[in-house]
Amino acid sequence: MDPVTLAVLSARFTAIVEEMGEGLLRTAYSQILNSSRDFSIAVTDGACRLVAQADHIPVHVGAMPFAAKAVVEAFGSDMKPGDVFLLNDPYHGGSHLPDLTIVLPVFDPLPLADSDPRAMPSDHPQRVRFFSVVRAHQSDIGGNTHGGYNPGASEIWQEGLRIPPIRLGENFEMRPDLVSMLALNTRINRDFRGDLAAMLGAAKLGANRLSALLEQHGGPRLMAAVDAILDLAHAHTKRIVEGWPDGKWRGEAFLDDDGHGQENIAIRATCTKQGGTLTVDLSESDDQVLGIVNSSYPNMFSAVCMAFAYLLDPEVAKNEGAFRALRVIAREGSIVWAREGAAVTLCTSHCSNEIVEAIIRAMQNCCPERAMGGWGRRFRIAITGKDARRPDRKFVWHLFHARPGAGGHAKGDGWSAAGEWHSAGGLKFGSVEMAEARFPLHFRKHEFLGGTAGAGQYRGGHGAELELVVESDGPARGNTAGDGAFHGSAGIAGGQDSAPHRYVLRQADGGERVLRTKEVGVEIQPGEVLHIRSAGGGGWGDPAKRDPELVARDQAEGLA
Amino acid sequence: MRYTIGIDVGGTFTDVVGVDAEGREYLAKAASTPHDQSEGVLQGLVNLATAIGLTLSELLETTTRIVHGTTVATNALLERRGARTAMLTTEGHRDVTAMREGLKPARYDLRLPQPAALVPRQLRLPVRERLRPDGGVEIPLDAASLDAAIATLRAQQVESVAICFLHSWAAPKHEHAAAEAVRAALPGVFVTCSADVLPQIKEFERFSTTAVNAYVGPVVSRYLTRLEARLREAGYAQPVFVILSHGGMAPIAEAARLAVGTALSGPAGGVAAALALSRRGLGEQLVTLDMGGTSTDIALIQDGAATLGRGREVGGERIALDSLDIITLGAGGGSIAHLGSGGTLEVGPQSAGARPGPACYGNGGTEPTVTDANLALGYLDAARFLGGARLLDTAAAERAIATLAARLGIDAEATALGIYRLVNARIADGVRVATVRRGVDPRGATLLAFGGAAGLHASAVARDLGMARIAVPLFAAGLSAWGMLQTELRHEIARSVVSAEAMPGDATLAALFDGLEGEARTQLAQWFQGEVVAHRAADLRYGEQVFEITVNLDGVTPDRAGLREAFHARHRALFTYDLPEEEVVLVTARAAASGLLPALPLLPAGAPRPADPIGTRRTLLETGWAELPVHAFDELGTGQKVAGPAIIESATTTVLLLAGDVARMDEGGWLSIELPKGG
């Protein structure tokens with residue numbers, strides 16, 4: 001295949017997933033999607049290999065092919081053009097319940113006579129060449145509590161509605177009775193329907209573009225190009241890994257707790273680098289726990305891919321080929337790979353972040369210039385209540401503001417308020433003006449906060465301070481779901497850890513209630529203030545080596 | 001005779017194009033004067049008058065319109081040479097522009113350094129005040145905190161101030177009151193309010209765009225004021241227009257007020273020209289390659305249209321105004337070749353600019369540039385450059401190249417060819433970014449090469465990309481300036497709708513759009529008398545969406561049913577589905593008045609009969625030294641074919657045809673070059 005055609009097609013796949021993502025962003029109903037972009041888009045081939053993924057949320061980078069595989073396992077050859085598949089169950093191709101995933105098979109326009117490993121055979125005369133996959137985090141997914149995260153859950157049935165792979169519809173249309181059943185099980189019916197329509201729209205957009213490519217190039221030629229694109233990514237990754245010294249290193253990270261009294265839960269990574277392969281073994285991590293910090297297998301696999309991707313050159317294409325240089329070992333029944341039935345909702349952030357942290361702590365010994373200080377941990381709060389301006393419906397608002405700082409690194413200080421390891425600057429907190437216009441909230445203060453970053457030759461990014469007045473009509477209720485109120489962001493290569501998060505509810509009676517990271521049903525009276533001080537990022541390198549000019553700059557900015 | 005004049009200020013040359021009432025086109029060039037671009041503009045006008053055979057005042061007194069493209073704002077932003085800028089902002093929210101909504105570019109590059117903020121934190125000054133989303137006052141504007149901020153502005157000797165308060169899109173009163181206080185206390189300081197720059201909800205976009213406006217405003221304003229004064233002094237009494245980033249144009253006062261809108265003014269003329277040539281039959285799929293002395297601009301014309309974006313970044317700063325999608329590379333004729341840190345030959349991004357310019361200009365430049373290499377290779381004629389107006393010093397060029405060759409440890413010829421090859425590769429990479437990385441195959445498009453330097457590189461670049469066709473306009477060197485005469489006069493008005501309901505009633509809607517159109521027409525009438533066409537559009541969304549779609553309402557009755565139907569159809573077309581049962585919300589109503597300029601008359605290009613070569617020149621190609629025929633571009637007959645290798649040159653541009661290329665003089669005014677298959 002000539003290199004220009006290959007470059008064009010490789011870019012075409014990326015352009016398709018980006019267009020799908022842009023479509024979803026612009027059409028979705030809920031704040032979590034249209035303001036904070038908590039969704040991911042991928043295209044896999046008929047063999048469920050990742051071909052292209054849009055740069056949205058890194059923690060989904062290795063997880064999307066599991067969804068396509070689960071659909072293939074459930075339906076086998078029983079697929080035809082126009083079928084719409086849906087799933088969310090973490091034990092059947094999903095990551096955690098709030099993430100709904102739509103999978104559309106894309107068929108070769110011509111019937112195929114010969115067998116081709118890159119196509120999925122079907123009862124239909126044509127074969128499946130691609131899957132168009134759209135995953136989006138729902139504002140609510142039923143279960144015990146509003147907002148998708150039930151920090152009190154001790155088994156998955158308390159976390160929300162479980163959807164194994166189902167055929168949601170045919171001819172690119174959803175079955176209305178099924179949609180009604182799903183919507184009835186969530187608290188924000190209107191958002192749920194609008195978001196599902198937007199997800200299908202984005203998936204169709206991808207399917208249309210992929211069909212056009214198949215028409216243009218013909219299936220066999222296009223799939224040969226896919227092979228070549230994946231091989232190129234593997235060669236690229238291998239070259240980089242071969243440049244690192246061989247060896248074996250260990251790293252560990254600790255979760256604060258599981259919400260049921262178990263504290264300092266360890267994730268342990270043993271990284272063995274030999275030649276062009278990196279093996280990450282997580283089997284020494286602690287056993288699975290009662291609470292929601294367990295991980296599903298696809299999410300764990302994806303978190304390891306994410307950590308690996310962070311150590312590579314950013315230009316490496318994120319597809320199946322890039323991850324061939326990575327081997328992942330884990331133990332079923334451990335915190336990173338829970339047995340079916342365990343609660344896992346928090347896993348896309350925790351323990352994903354700790355999996356990355358343990359790997360980076362190990363790899364700082366192998367390639368310190370590529371390792372980076374820890375990014376902050378996620379500490380979310382979802383608030384529900386009534387807005388006097390829109391009495392006809394309840395609202396659910398998810399906190400994305402007051403992001404923690406990013407880690408320092410060999411090239412400079414960390415970005416301030418840029419987020420967590422699992423999202424890496426990809427989650428937008430959205431406009432304060434828009435939030436005030438749409439929710440009964442008043443943002444009294446939202447600024448960088450000095451003194452929060454981990455020290456280092458390059459310090460972590462600053463955390464942020466938020467004073468949020470809740471102005472609901474009657475009391476509102478908040479659920480927290482996160483980690484990092486005990487453990488700050490990791491210092492790396494001689495850098496120091498950051499201060500941890502501190503979230504306080506300033507109550508009407510003058511009292512102050514320090515919020516824990518896994519609390520159900522915090523009552524908030526109208527006019528009460530959430531005072532949030534988020535963690536900074538971890539430092540990189542010996543603080544004694546810090547350039548005095550950088551110290552002076554921090555002082556001039558009032559952020560020392 | 002009456003003239004219209006287009007002026008394009010590049011990094012090296014200022015191009016001036018005049019068109020008379022019969023369609024005759026004149027081009028003049030002058031060296032750009034970066035310290036004050038208006039000097040070069042005036043010299044260009046003097047040269048244009050000379051070319052036509054008039055004095056400057058005779059020319060300017062009979063000129064009806066001047067359209068100007070300027071890079072003053074762009075350069076100030078890219079080189080961080082804007083005004084010393086501060087921001088007054090709502091207390092408790094001073095980091096809006098630095099936080100960038102929590103987004104960081106390059107998701108997998110965790111070692112990307114965070115760029116310094118355009119307005120440093122110590123100059124983002126909190127003022128005690130607060131509005132609610134409905135425009136209601138939560139905290140009145142506090143005089144004491146405003147005074148304290150003004151004292152800091154004075155102490156810090158700030159030149160420019162962006163006033164950015166939350167919810168000013170709903171009510172600009174606090175911003176306007178603060179602006180008044182700053183102006184009163186600090187006359188001479190440039191003051192700009194976010195509600196006047198981008199009166200729309202979403203503070204990051206609004207504040208960032210406003211900060212850029214404050215940063216470039218004083219620089220642009222000083223320049224345009226000076227330019228206008230010089231033109232008036234020279235006898236010009238008609239309006240001066242500035243081409244804006246979106247390709248339309250505005251009068252000088254408006255361009256100075258909204259300086260951020262000129263951030264991509266310079267290259268916009270080239271895109272306008274490409275669109276005009278596309279309409280004249282050049283083709284629907286074009287890749288424009290505008291290569292000047294300092295930089296190369298690349299844009300894509302697809303299906304006869306240019307793409308507009310609203311989320312553009314220039315120099316890492318978000319500008320949320322409409323702008324053409326143009327990629328700029330730091331590679332041009334003046335790009336300096338040097339020994340890179342890796343021990344290999346590198347070209348650019350540093351440029352010798354207009355002063356000292358390439359070594360061959362004889363202004364004291366000692367470092368070899370792309371132009372020096374082209375001269376040493378025999379691609380340029382030392383005696384005919386700029387029609388002989390500037391004699392090139394071949395010996396100086398060769399000396400500069402020899403010095404570099406010694407450092408590289410190779411011979412001078414290999415060095416000159418290496419410079420040529422390297423700049424071609426960089427440009428080809430730029431075209432890839434504009435096409436391939438967007439999933440567009442460049443091979444189906446025509447490479448439209450213009451700007452003084454592109455003709456020498458187009459064939460090699462097209463070969464690298466597998467493109468089969470090139471077009472080089474006769475007017476290549478002044479095409480951007482010519483393009484400025486092809487744009488329409490446009491005044492746009494938008495108004496965010498505040499309504500308890502999703503959409504106002506039919507009567508209100510009709511009155512709203514009629515009112516906006518009337519305002520747009522009235523505004524335009526201040527600087528344009530002639531036929532006006534009005535367009536209407538609406539930004540609409542479904543109930544809970546937050547992004548609106550701009551829906552064109554030409555031919556649509558502006559009532560509830562009409563707007564809804566138009567929106568459903570557009571949503572289907574863009575996103576594959578619609579939700580007919582859902583409420584449709586009107587967010588912004590828009591109207592634009594376009595002044596249709598009389599079309600410039602078209603004169604068929606090309607001489608009546610074919611012309612023989614005017615001579616030969618010894619050149620070094622990849623295959624070795626060869627004696628190539630040299631043709632005069634403006635003497636070629638209509639339809640005449642020239643086979644490569646050959647040189648076709650005019651006073652302002654030179655085209656190098658490689659072996660296998662066949663050029664044909666098209667009556668539309670361009671050289672159409674077919675490349676050999678598999679080249």
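# Notebook: two chains, their domains and helix packing

I began with the domain assignment of chain B, which gives domain 1 (3-76 + 222-262), domain 2 (80-215), domain 3 (269-465 + 619-655) and domain 4 (489-595). A reminder to myself before going further: this is a predicted model. I then looked up how far domain 1 of chain B sits from domain 4 of chain B, and their C-alpha centres are separated by 35 Å.

**Entry: chain B overall**

I counted secondary structure next, and chain B has 17 helices and 35 strands. For its extent, I took the box along the principal axes, and the C-alpha atoms of chain B fill roughly 80 × 55 × 55 Å. I also checked the radius of gyration: chain B has 27 Å, which agrees with the value near 26 Å that a compact globule of 679 residues would have.

**Entry: H1 and H8 of chain B**

I noted for myself that two packed helices are described by the angle between their axes and the distance between the axes. In chain B, I looked at helix H1 (residues 37-52) and helix H8 (residues 203-233), whose axes come within 9 Å and cross at roughly 30 degrees. H1(B) and H8(B) are therefore roughly parallel to each other, the cut-off for that word being an angle under 35 degrees. As for handedness, H1(B) passes H8(B) in a right-handed crossing.

Which residues make this contact? From H1(B) I listed B:Gln37, B:Ser38, B:Val41 and B:Leu42, and from H8(B) I listed B:Tyr223, B:Arg226, B:Leu227 and B:Arg230. Sorted by class, the contact of H1(B) with H8(B) has four nonpolar, two polar and two charged residues.

**Entry: H12 and H13 of chain B**

My second helix pair in chain B was helix H12 (residues 394-408) with helix H13 (residues 412-434), which pack at an angle of about 100 degrees with their axes 8 Å apart. Are H12(B) and H13(B) roughly parallel or roughly perpendicular to each other? An angle from 65 to 115 degrees counts as roughly perpendicular, and H12(B) and H13(B) are therefore placed in that class.

On the H12(B) side I found B:Glu398, B:Ile401, B:Ala402, B:Leu404, B:Ala405 and B:Leu408, and these meet B:Ala412, B:Thr415 and B:Ala416 of H13(B). By class, I have seven nonpolar, one polar and one charged residues in the contact of H12(B) with H13(B).

**Entry: a cis peptide in chain B**

I went through the backbone too, and a cis peptide bond joins B:Gly644 and B:Pro645, with omega about 5 degrees. Where is B:Pro645? I placed it in the loop between strand S31 (641-643) and strand S32 (646-649) of chain B.

**Entry: chain A overall**

Turning to chain A, I found 10 helices and 20 strands. The radius of gyration of chain A is 23 Å, close to the 24 Å that the globule rule gives for 560 residues, so chain A is as compact as a globular protein of that length. Along its principal axes, the C-alpha trace of chain A spans about 75 × 60 × 40 Å.

**Entry: domains of chain A**

The domain assignment of chain A gives domain 1 (3-235) and domain 2 (373-560). Their C-alpha centres lie 32 Å apart. The contact takes 22 residues from domain 1 of chain A and 21 residues from domain 2 of chain A. I sorted the domain 1 side of this contact by class and got seven nonpolar, 10 polar and five charged residues.

**Entry: H5 and H6 of chain A**

I also looked up a helix pair in chain A: H5(A) and helix H6 (residues 219-242) pack at an angle of about 110 degrees, with their axes 7 Å apart. That makes H5(A) roughly perpendicular to H6(A). Here A:Leu213, A:Leu214 and A:His217 of H5(A) meet A:Gly219, A:Arg221 and A:Leu222 of H6(A). By class, the contact of H5(A) with H6(A) has three nonpolar, two polar and one charged residues.

**Entry: a positive phi in chain A**

A:Asn171 caught my eye, as its phi is near 50 degrees, a positive value in a residue other than glycine. I located A:Asn171 in the loop between strand S6 (166-170) and strand S7 (173-174) of chain A.

**Entry: where A meets B**

How many residues of chain A are in contact with chain B? I have 58 residues of chain A in contact with 42 residues of chain B. On the chain A side, the elements that give two or more residues are helix H1 (3-27), helix H5 (189-217), helix H7 (297-311), helix H9 (432-438) and strand S14 (441-449). The residues on that side of chain A divide into 26 nonpolar, 16 polar and 16 charged.

Methods
Residues are numbered from 1 along each chain as its sequence is written. Chains are lettered from A and ligands numbered from 1 in the order in which they are written. This is a predicted model: local features need pLDDT of at least 70, side-chain atom pairs count only at pLDDT 80 or more; totals for chains, interfaces and linings use all residues. Axes are lines fitted to C-alpha atoms, for helices over the stretch in contact, and angles run from 0 to 180 degrees between N-to-C directions. Helices (H or I, at least four residues) and strands (E, at least two) are DSSP runs, numbered from the N terminus. Angles under 35 degrees count as roughly parallel, over 145 as roughly antiparallel, 65 to 115 as roughly perpendicular and the rest as oblique. A crossing is left-handed if the near helix is turned anticlockwise from the far one by less than a right angle, and right-handed if clockwise. Two residues are in contact if their C-beta atoms, placed from the backbone, lie within 7 Å. Ala, Val, Leu, Ile, Met, Phe, Trp, Tyr, Cys and Pro count as nonpolar, Asp, Glu, Lys and Arg as charged, and the others, Gly among them, as polar. Domain bounds come from an automatic or database domain assignment. The radius of gyration is taken over C-alpha atoms; the globule rule is 2.2 Å times the number of residues to the power 0.38.
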